[in-house]
Amino acid sequence: QCHIGIHHIGILARFISTTQISTMNPDMALDDIVKASRQPTKRRNGAGRSNEARTAGRVKSGGRSAGKRVAKTAGRAAGKSTRSTESRPDFVPKARAFPGHSHLNGASLDDIAAADDSQRTLKVSKETNVKKLAGSIKYIVGVAGSPPTALAGGPSAVNQAVKAIAIARADLCDDEDEPADILVQPTFDGKSVRCALEMTRVKPIADEMDTEDFLVKGTSDPHKVAGAIAARLREGDRIGILAKGDDAVFKTVQSLAVARRYLEDDEIDVKFAPRFVNLEDDEGTPSTYVHFAVLGRRPRR
């Protein structure tokens, strides 16, 4: 198994440093999608020295809070927009290009849910409300039977998207009638910070933490982290990654996208499932991290 330096979670605070990474085209806030607004899209412009990712080593859970979901219901009414284009004959959604996907600007959630896979997308910005985004993901799953793709640009927007998916996962898994789960596949637009987080609905998966989970920080080198991920997945292992903060979450998603390229010849695809975990350091100070359960999927023969 491949390790990248083992450190105790008790001194985690020393490892987490942030690198200023500019954002690009965060685009339309989700609040406007929920309201099926016709207002013009607001755009914000914006574009690390990286160290090795380190394993979390011994994870101190404090006994009570490790692995506990802190994300609860996103709100039953969130995202339940039923406004349709039928009452607006002059409405022609404008599709905005994204790698492999396009977004129907100004469309309602029902319009998005009814679109094909390439246009069933939600734009995410750094100002997106994660609970409303989670509610929209669940709403589209309920209407279309499958989740959308989240389109985000830059560390803050990607972090918001990952947190919303973690909330949606928790709620879908807790559904007593038909529990479900979400796996995510990241793809970047070349060398830009624009990322498509393509979601797939699956049966609930096991995503327990492990003492050999990786710890990724904002200065980690995505290529080195990706190499460690690829080595573990080639051995058939499941991997867990811990990250906290915009840059660390962004570097984790980058690493998983690079690992997908490293594993193309092995015919192993990389997907992840995020959730929140509460950990305590040696002084008993609680902190919330995103835990990425990483799975390597081979094609069925």
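Is the crossing of helix 4 and helix 5 left-handed or right-handed? Before we settle that, please keep in mind that this is a predicted model.

Let's start with the geometry of that helix pair. Two packed helices are described by the angle between their axes and the distance between the axes. For helix 4 (residues 130-144) and helix 5 (residues 155-173), the angle is about 55° and the axes lie 8 Å apart. The two helices are therefore oblique to each other, since an angle of about 55° falls outside the roughly parallel range under 35 degrees and the roughly perpendicular range of 65 to 115. As for the opening question, the crossing of helix 4 and helix 5 is right-handed. On the helix 4 side, the contact is made by Val130, Lys131, Leu133, Ala134, Ile137, Lys138 and Val141. Their counterparts in helix 5 are Gln160, Ala161, Lys163, Ala164, Ile165, Ile167, Ala168, Asp171 and Leu172. Sorted by class, the contact of helix 4 with helix 5 holds 11 nonpolar, 1 polar and 4 charged residues.

Now to the strands. Strand 5 (residues 149-153) runs antiparallel to strand 7 (residues 194-202), and 5 bridges join them. If you want a landmark here, find alanine 150, which stands opposite leucine 197 in strand 7. Strand 7 also pairs with strand 6 (residues 181-188), again in the antiparallel sense, over 8 bridges. In that pairing, valine 184 has methionine 199 of strand 7 as its bridge partner. Strand 6 and strand 7 form a hairpin with 5 residues between them, and glycine 190 in the turn has a positive phi of about 60°.

Strand 6 also holds proline 186. Is this proline buried or exposed? Its relative accessibility is 1%, so proline 186 counts as buried, the cut-off being under 20%. Leaving aside neighbours within four places in sequence, proline 186 is in contact with Cys195, Ala196, Leu197, Val253, Leu256, Ala257, Arg260, Val270 and Phe272. One of these, valine 253, is 67 residues away in sequence, yet the C-alpha atoms of proline 186 and valine 253 are 6.7 Å apart.

A second proline makes a useful contrast. Proline 204 lies in the loop between strand 7 and strand 8 (214-215), and at 43% relative accessibility it counts as partly exposed. Not counting residues up to four places away in sequence, proline 204 touches Pro179, Ala180 and Asp181. Its C-alpha atom is separated by 8.8 Å from that of leucine 172, 32 residues apart along the chain. Leucine 172 is one of the helix 5 residues that meet helix 4.

Further along the chain comes another helix pair. Helix 6 (residues 222-234) and helix 7 pack at an angle of about 55°, with 8 Å between their axes. They are therefore oblique to each other, and helix 6 passes helix 7 in a right-handed crossing. Helix 6 contributes Pro222, His223, Val225, Ala226, Gly227, Ile229, Ala230 and Arg234 to the contact, while helix 7 brings Lys251, Gln254, Ser255, Leu256, Val258, Ala259, Arg261 and Tyr262. These residues divide into 9 nonpolar, 4 polar and 3 charged. Leucine 256 appears in this contact and also among the residues touching proline 186.

One last stop is a backbone detail. Most residues other than glycine have a negative phi. Glutamate 267, although not a glycine, has a positive phi of about 55°. Glutamate 267 sits in the loop between helix 7 (246-262) and strand 10 (269-280), and with a relative accessible area of 40% it is partly exposed.

Methods: Residues numbered from 1 in each chain as written. Predicted model: local features only at pLDDT ≥ 70, side-chain atom pairs only at ≥ 80, totals over all residues. Heavy atoms only, no water. Axes fitted to C-alpha atoms, helices over the stretch in contact; angles between N-to-C directions. Helix = DSSP H or I, 4+ residues; strand = E, 2+ residues; numbered from the N terminus. Parallel < 35°, antiparallel > 145°, perpendicular 65-115°, else oblique. Left-handed = near helix turned anticlockwise from the far one by under 90°. Contact = heavy atoms within 4.5 Å. Nonpolar A, V, L, I, M, F, W, Y, C, P; charged D, E, K, R; others polar. Pairing = 2+ DSSP bridges. Buried < 20%, exposed > 50% of the residue type's maximum accessible area, 1.4 Å probe, protein only.
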